[in-house]
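Consider the pairs of oppositely charged side chains in the structure shown here, and ask of each where its two partners lie.

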Amino acid sequence: MNMRGSMIILLVGLGNPGEQYMLNRHNVGFMAVDVISHIYSFSAAKRHGKALLQEGVVNGQKVLLLKPLTFMNLSGHAVAEVASFYKILPEHIIVFHDDLDLALYKIRVKQGGRHGGHNGLRSLDACIGKDYWRVRIGIDRPEDKSRVSDYVLNNFPKAEQDDLADLLGGIADELPSLLADKKELFTTRMAQILVKEQ
């Protein structure tokens, strides 16, 4: 890859590697960057240290897509390694991840804040600080708190997968707004997609 030394946005999808985890609720971050990769014709994925990395251009902006191969709890190590190599500051990193505290498929964008018990975010905070951006993708929360671990590691049910595909497609379609620092516009348009689904 020849993108080193230029202004780059790093998009990170959080998830667990392996086919058995592909449709898990916890892997919706992986799903988001996979759809982005497809829509914008990113390069084939290549191994870079502890991650799979792809490169592309979105509306003239150079972008790297990263999927950690470390499993969720150690995601920060993979991201820190790539960010250091390409000299990418935390404020130029956008992380897509599942969020138990948001209603199903609701989207929120924020910079910094608490990890909320999310092990991927906890690892990122420890490795690169808290100044990165987060695209929080709601997966809802089970009523029984003791079921949280099983819940996030279960697949999205078939009844929810059509809406999930629409949501991920919307994230990809509205990505230029996110990259252009029009994060309120991105959030508004994602809310409109959610209303249409309902």
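Arg134 and Asp125 are both buried in this predicted model, and the two residues are joined by a salt bridge whose closest N and O atoms are 3.3 Å apart. Side chains of opposite charge can pair when their charged atoms come close.

A second pair brings Asp99 together with Arg136, and in this salt bridge the closest N and O atoms are 2.6 Å apart. Asp99 belongs to strand S5, which covers residues 93-99, while Arg136 belongs to strand S7, which covers residues 133-138, so the salt bridge ties together parts that are 37 residues apart in sequence. Asp99 has a relative accessible area of 9% and is therefore buried, being under the 20% cut-off; Arg136, with a relative accessibility of 19%, also counts as buried because its value is under that cut-off.

How exposed or buried are the partners in the salt bridge between Lys50 and Glu81? The closest N and O atoms of this pair are 3.6 Å apart. Lys50 sits in the loop between strand S2 (46-48) and strand S3 (51-58), whereas Glu81 sits in helix H2 (residues 75-86), so that the pair ties together parts that are 31 residues apart in sequence. Lys50 is partly exposed, its relative accessible area being 38%, and Glu81, at 30% relative accessibility, likewise counts as partly exposed.

These pairs are among the 7 salt bridges found by a search of the whole structure.

Key: Residues are numbered from 1 along each chain as its sequence is written. This is a predicted model: local features need pLDDT of at least 70, side-chain atom pairs count only at pLDDT 80 or more; totals for chains, interfaces and linings use all residues. Side-chain values use heavy atoms; hydrogens and water are left out. A salt bridge is a side-chain nitrogen of Lys or Arg within 4 Å of a carboxyl oxygen of Asp or Glu. Helices (H or I, at least four residues) and strands (E, at least two) are DSSP runs, numbered from the N terminus. Buried means under 20% relative accessible area, exposed over 50%, partly exposed in between (1.4 Å probe, protein chains only).
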